[in-house]
Each structure stands twice: as C-alpha cells, then as structure tokens.
Amino acid sequence: MKQPQLDYYNMGTGVVAFSSTRHGGCSKGNYAAFNINSYCGDSKDDILSNRKALCEMLGISIDHLIMPHQVHLTKVAKIDETFLSMSPEERQTVLEGVDALMTNLRGVCIGVSTADCIPVLLYDEVHQAVCAIHAGWRGTVKRIVMKAVEAMTAAYGTQPQQLVAQIGPGIHLDSFEVGDEVYEAFHQEGFDMSAISARKEKWHIDLPLCNRLQLIASGLLPQNIKVSPVCTFKQAADYFSARRLGINSGRIFSGILL
C-alpha cells in the first residue's frame, strides 16, 4: 500500500492541515489513486484501504477521521465527545446534509471532499478549534464560510481576527465557465460582480476570491488568508476535477487536525 501524497499547509503550531492529491492510494480508473469519499461510486474496499493508510500517516484511529455527506447547503456540524460516543448509524445521521465541520477535540481529523469546489480550512490557535468547509458555487452564494465563522464564534468564543484560513485547491476563474443563471445567482445575492467575474464567450466566476472576500467581510485579517495556486481543472492529473473526469471520479480530501 502506497502512502497518500498530501499537500500540507502551514497554519501555525498545534495543527496539521492538508489536501490530498490523486497519488499514493489503491483506487482505480477515474478514482485513481487516492480517494476516501464513499459517495462517488468508488470500491468500498479501496476506500477503506485508503482511509486506513491516511489514518496511519496521521497517527489516529479510523473512527477519528470524520467527513460529512455534503449537499451544497450551509449546515455546520460540531464534532464533540457526544458525537464520538455515537454508533456508526447515529454518526451518519448527524453528518447527513452537512457542508462544514468544526471541533476542538485533539486527535480528530475533520475534513471535506471536493473536485472543483472550494475547500476552506480555519484554525483558531487561541481557543484551539478548527473548521473544514465545503464551498461549491451554491454554498458560496449562500455564504457558507461566513456562517462557519459565526458558528465557531458561538461554539468556542472565536474572534475572527484571530483566525488563520487556508483556501485549498479548486477550480479557478479561467476554468470556471458558468451559465447566466449562475451569474445571476451571485448578482441577486449582492456580490460585487466587477470583482469576482469576467466575461469571455460566457461568464466566469472566481470562487476562491469570492470565499476570500467573505472571510475578510467576516473579520479575518487579509494577511491570515492563504489561497492555493492549484486549479483542479487545469491540474486534473494530480487533483480530482469533476468537470474533467465526470462525477463518477474521486474527490480531494482537505482535512485539519489538532
């Protein structure tokens, strides 16, 4: 079994943060080679092998690797001791329809799955709390990152100016061509379209910038927000891209662990 090849992020002391690449696992075809998402059609055996390999690298038990079933909405779930004590069936119920996870437990890796959507990781070093967010275009329109910052403030006393953020690999402006209905969805929600869009043959939207601007609007300091240079569509050999590979393909896992 090959070790997963991860992109690590420097978000401060006391935390491990990363995004997976396509390399180092045992999945096959459009799932090759490292995929741990069980909602995209990959082999259960390969998913389990890949999860075990990741957990071994992180030094955690497999039941401390937590990922939700995302639905492009804005629900944020809190992972606490009560959640950890639940049965697998109860856990699945809690994680259904969730697009962001937060925790202040040590040794628990929370994360989200993406394949062109934007993963966002947050770290509050002062209160020792973390959050992982899935922001596709629908979640971005609904301002999920702002809701996640609010949820951390309510749960842990997080002050936005103390947060460090990492925006992970996703589709970038040049590659994210959208129909008029997507452009209008952003426009109707009051986004500054001159800042986040460009017109070519069709409209293009800058999803990483949209989320960065939302983080700043939430009170994060601009210097505390880093953006991955990786465009998944352009770099589909190394990172999963649903637009390139189809929806029956693997997913990037962006995780964070105290």
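Let's start with T103, which is buried in this predicted model, because its relative accessible area is 0% and the cut-off for buried is under 20%. You'll find T103 in strand β5, which covers residues 100-103.

So who does T103 meet in there? Leaving aside residues up to four places away in sequence, T103 touches I79, V108, I110, A129, V130, Y156 and L258. The side chain of T103 also has polar atoms, and two backbone atoms lie within reach of them, as the table shows.

| Backbone atom | Partner | Distance |
|---|---|---|
| Oxygen of I79 | Polar side-chain atom of T103 | 2.7 Å |
| Nitrogen of L105 | Polar side-chain atom of T103 | 3.1 Å |

I79 shows up both in the list of residues T103 touches and in the table, so it's worth a look at its own strand, β4 (residues 76-79). Which residues of β4 are on the covered face, and which on the uncovered one? A77 and I79 sit on the covered face, while V76 and K78 make up the uncovered one. That fits a handy rule of thumb: in a regular strand, side chains alternate between the two faces of the sheet. Strand β4 pairs with β5 in the parallel sense, over four bridges. One of the residue pairs to look for is V76 with its bridge partner A100 in β5.

Now for another sheet. Five strands make up an open sheet, and their order is β1-β2-β14-β6-β3, with mixed pairing. Why is one side of β1 and of β3 left without a neighbour in the sheet? Because β1 (6-9) and β3 (65-66) stand at the edges, and each has a single partner strand. For β3, take a look at β6 (residues 109-114): the two strands run parallel and are joined by two bridges. I66 has I110 in β6 as its bridge partner, and I110 is also among the residues that T103 touches.

Finally, have a look at a pair of helices. Helix α5 (residues 144-156) packs against helix α8 (residues 207-217) at an angle of about 35 degrees, and their axes are 8 Å apart. The crossing of α5 past α8 is right-handed. On the α5 side, the contact involves I144, V145, M146 and V149, which meet N211, Q214, L215 and A217 in α8. How many of the residues in this contact are nonpolar, polar or charged? Six are nonpolar, two are polar and none is charged.

Terms used. Residues are numbered from 1 along each chain as its sequence is written. This is a predicted model: local features need pLDDT of at least 70, side-chain atom pairs count only at pLDDT 80 or more; totals for chains, interfaces and linings use all residues. Side-chain values use heavy atoms; hydrogens and water are left out. Buried means under 20% relative accessible area, exposed over 50%, partly exposed in between (1.4 Å probe, protein chains only). A polar contact is a pair of N or O atoms within 3.5 Å; within protein, one must be able to donate a hydrogen and the other to accept it, and residues adjacent in sequence count only if both atoms are side-chain atoms. Contact means heavy atoms within 4.5 Å. Axes are lines fitted to C-alpha atoms, for helices over the stretch in contact, and angles run from 0 to 180 degrees between N-to-C directions. A crossing is left-handed if the near helix is turned anticlockwise from the far one by less than a right angle, and right-handed if clockwise. Ala, Val, Leu, Ile, Met, Phe, Trp, Tyr, Cys and Pro count as nonpolar, Asp, Glu, Lys and Arg as charged, and the others, Gly among them, as polar. Two strands pair if DSSP finds at least two bridges between them.
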